[in-house]
Amino acid sequence: MKIGEVCLLTNNVPRLASFYRRLLGVEESSSDEIHQFILVEETALTVYNDGTDKNNQNQNICLAFTVDDIDMEYKKLLSLGARIIEPPAKRPWGAINMSFYDPDNNIVYLRSFPKNAKEF
């Protein structure tokens with residue numbers, strides 16, 4: 001079994017989808033204000049407005065992406081104006097993690113695994 005899709009509910013689909021397209025390096029391809037589908041490799045990220053008001057205080061979920069070059073991604077996030085929670089820091093198990101808020105205040109983690117780190 002594989003996770004096929006993660007869906008972010010939002011009141012502003014174009015803004016949030018544009019942020020994730022720039023973060024993930026995916027070409028802009030939709031101006032739909034209700035639903036946008038972003039496919040990266042075999043997993044999809046959907047940004048959707050289901051018509052209910054959101055409080056943008058999503059405290060029970062976070063996203064994590066594994067990246068090759070966390071320092072490059074950190075610079076990209078700074079250029080996108082992302083609010084950084086924690087800059088890149090090495091963890092005891094060898095991974096390098098960082099975290100930030102997306103435009104809807106979802107917490108997002110980026111992590112990289114240097115060749116000598118233990119992946120889990």
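**Exercise 1.** Determine which side chains of helix α2 meet in a salt bridge, and state how far apart they lie in the sequence.

*Solution.* Step 1. The side chains of Lys 76 and Glu 73 form a salt bridge, with N to O at 3.2 Å; the term requires a side-chain nitrogen of Lys or Arg within 4 Å of a carboxyl oxygen of Asp or Glu. The model is predicted: local features need pLDDT of at least 70, side-chain atom pairs count only at pLDDT 80 or more, and totals for chains, interfaces and linings use all residues. Residues are numbered from 1 along each chain as its sequence is written, and side-chain values use heavy atoms, without hydrogens and water.

Step 2. Both residues belong to α2 (residues 70-79) and are 3 residues apart, about one turn of the helix. Helices are DSSP runs (H or I, at least four residues) and strands likewise (E, at least two), numbered from the N terminus.

**Exercise 2.** Classify Glu 73 and Lys 76 as buried, partly exposed or exposed.

*Solution.* Step 1. Buried means under 20% relative accessible area, exposed over 50%, and partly exposed in between (1.4 Å probe, protein chains only).

Step 2. Glu 73, at 11%, is buried, whereas Lys 76, at 24%, is partly exposed.

**Exercise 3.** Describe the two faces of α2.

*Solution.* Step 1. Ile 70, Glu 73 and Leu 77 are buried. They cover an arc of only 60 degrees around the axis, which puts them on the same side of α2; the arc is taken from the directions from the helix axis to the C-beta atoms.

Step 2. The face turned away from this buried side carries the exposed residues Lys 75 and Ser 79.
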